[in-house]
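Hi,

Here is the structure I promised to pass on to you. Have a look at it first, then read my notes below.

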Amino acid sequence: MKPDRPLSRPVTRCRICGSSDLIEVLSLGSTPLANAFVDPSDPQADALRFPLAVLHCSVCALAQLSVVVSPEVLFRNYLYASSASRPLVEHFRSQARTLIDRFGKNVRYIEVGSNDGVLLRPLRGLGANALGVEPASNLAAAANEEGLRTVNAFFAPEVARAIRAEHGPAHVVVANNVLAHVDDVHALMRGLDALLDDDGVFVAEVPYVVDLIRNVEYDTIYHEHLSYFTARSLQALLASEGFALVDVEHIETHGGSIRVYAARRGRSPETRAVRAHLDEEAMTGIDRPDTYIRLADAVRRSRDALRSMIGRLTYSGERVVGLGATAKSTTLLNFCALGPADIAFIADSTPLKQGKLTPGTRIPIVPESALLADPAARYILLLAWNYADSILARSAALVERGSRFIHPIPMARLIP
Ligand code: ZN
């Protein structure tokens with residue numbers, strides 16, 4: 001009989017530079033997987049728990065999780081289709097326009113991790129030649145059905161070579177919110193090397209750990225996010241594979257991200273924005289281990305503030321509910337030990353999540369209509385706080401009847 005594959009592996013060497021000089025700087029305890037929502041027919045769905053801790057590399061400064069959960073386990077319950085999120089659809093429409101303005105529409109675009117075609121769709125709408133590569137077969141099938149050509153594969157050097165042989169080299173390869181999820185980042189870079197033409201450009205969006213630290217966005221830490229990049233650590237990765245960081249833009253996605261542009265070394269001049277980001281990171285010491293240790297203190301203060309606010313409200317007889325059964329919410333609810341006694345239910349617009357329970361904390365998930373239907377639900381914990389503005393804008397009826405939102409990050413506060 002074949003032995004079972006291990007469910008996870010500990011990280012003993014830095015994913016970028018290979019150093020074993022890794023220090024644990026933050027621990028959020030042991031949590032179930034962020035998307036292991038519990039269906040009543042499968043009550044053990046959230047039984048697996050893994051340590052959620054961040055290591056800091058003394059050499060290249062990459063912050064990375066202490067364990068890698070095997071992809072078969074991690075993506076078993078993957079419910080995330082980007083096109084279901086209106087703000088993301090708008091974001092990628094805008095990225096498509098930026099790409100066309102910068103590179104034109106007469107070059108080949110290939111997107112790695114193209115999800116359900118959320119970027120391919122507007123790229124094609126603008127007349128560009130765009131191809132996707134997506135490992136999740138349900139998402140790739142949905143994109144192909146819509147006519148958005150998508151190769152169903154996990155991107156790797158041999159896949160890149162096969163795509164190049166069939167379609168020709170790419171001038172622009174895009175990877176949005178992919179790098180942070182990938183364990184073998186060097187294989188990804190080698191795939192890129194195989195796919196890009198000599199003057200090709202790699203465009204990637206990654207959550208920016210500088211924003212995570214400044215705003216104490218600890219709930220964006222979960223097992224799918226293996227790496228937390230600075231411009232410096234990204235540059236180290238690119239340089240190790242013959243590429244150079246040539247431009248950086250700061251964007252608002254996921255609580256603060258950077259969009260980086262990279263080219264083969266010596267092929268494209270470096271913009272001032274690259275130097276500005278590197279200098280600012282160095283000046284503020286943001287990538288030193290003591291910065292992460294101070295973050296750990298801030299995270300505990302944030303948890304205590306939220307627990308005490310919700311405790312005061314429920315003690316005085318108020319009903320607290322939540323909005324957004326996000327992946328982030330699994331980290332936040334588990335780390336703050338908030339269960340159904342604290343949060344009566346969580347409203348979410350994703351039909352696949354409704355009727356399920358939150359992983360580890362077992363709070364029922366209900367349709368969003370439940371918020372208005374329950375006049376006692378006066379305090380609403382914002383679990384998708386990165387969309388606070390758009391949520392507030394469409395919640396006039398709730399605000400009018402006196403409901404208030406609890407914004408948990410960085411310190412619990414009531415809005416409006
Ligand atoms: Zn390193």
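**Salt bridges and the rest**

Let's start with the charged side chains: the count comes to 22 salt bridges. Keep in mind that this is a predicted model.

One of those salt bridges joins Arg102 to Asp247, with 3.0 Å between the closest N and O atoms. Arg102 sits in helix 2 (residues 86–103) and Asp247 in strand 12 (residues 243–251), so this pair ties together parts that are 145 residues apart in sequence. The two partners are covered to different degrees: Arg102 is partly exposed, at 38% relative accessibility, while Asp247 is buried, at 10%.

Another salt bridge brings together the side chains of Arg259 and Glu205, at 2.9 Å from N to O. This one also links distant parts of the chain, with Arg259 in strand 13 (residues 257–264) and Glu205 in strand 10 (residues 196–207), 54 residues apart. Buried or exposed, what would you guess for Arg259? Buried means under 20% relative accessible area, and Arg259 has 4% relative accessibility, so Arg259 counts as buried. Glu205 is buried too, at 1%.

Which residues are linked in a network of salt bridges? They are Arg102, Glu205, Asp247, Glu249 and Arg259, so try picking out those five side chains together in the viewer.

For a pair of neighbours, go to Arg303 and Asp304, whose side chains meet in a salt bridge at 3.3 Å, N to O. Both ends are partly exposed here: Arg303 has 22% relative accessibility and Asp304 has 43%.

Zooming out to charge in general, the protein has 44 positive and 46 negative side chains. The centres of the two sets lie 1 Å apart.

**The whole fold**

How many helices and strands are there? The secondary structure comes to 14 helices and 19 strands. The radius of gyration is 22 Å, close to the 22 Å that the globule rule gives for 416 residues, so the protein is as compact as a globular protein of that length. Along its principal axes, the C-alpha trace spans about 65 × 55 × 45 Å.

Of the 416 residues, 55% count as buried. The protein exposes about 17600 Å², and carbon and sulfur atoms supply 53% of that area. If you take the contacts between residues at least 6 apart in sequence, 68% of them join residues at least 24 apart.

**Some backbone oddities**

Most residues other than glycine have a negative phi, and most peptide bonds are trans. With that in mind, here are some places to check.

The peptide bond from Ile409 to Pro410 is cis, with omega near -5°. You will find Pro410 in the loop between strand 18 (404–407) and strand 19 (413–415). The bond from Ile415 to Pro416 is cis as well, with omega near -10°, and Pro416 lies in the segment after strand 19.

As for phi, Val216 has a positive value, near 50°, though it is not a glycine. Val216 belongs to the loop between helix 7 (209–214) and strand 11 (227–228), and it is buried, at 9% relative accessibility. Ala337 also has a positive phi near 50°. Its place is the loop between helix 11 (327–335) and strand 15 (346–347). Unlike Val216, which is buried, Ala337 is exposed, with a relative accessible area of 51%.

Have fun exploring!

How values were computed. Residues are numbered from 1 along each chain as its sequence is written. This is a predicted model: local features need pLDDT of at least 70, side-chain atom pairs count only at pLDDT 80 or more; totals for chains, interfaces and linings use all residues. Side-chain values use heavy atoms; hydrogens and water are left out. Helices (H or I, at least four residues) and strands (E, at least two) are DSSP runs, numbered from the N terminus. The radius of gyration is taken over C-alpha atoms; the globule rule is 2.2 Å times the number of residues to the power 0.38. Buried means under 20% relative accessible area, exposed over 50%, partly exposed in between (1.4 Å probe, protein chains only). Contact means heavy atoms within 4.5 Å. Accessible areas come from the Shrake-Rupley method with a 1.4 Å probe; for residues, only the protein chains shown count as cover. Lys and Arg count as positive and Asp and Glu as negative; His and the chain ends are not counted. The place of a charge is taken as NZ of Lys, CZ of Arg, CG of Asp or CD of Glu. A salt bridge is a side-chain nitrogen of Lys or Arg within 4 Å of a carboxyl oxygen of Asp or Glu.
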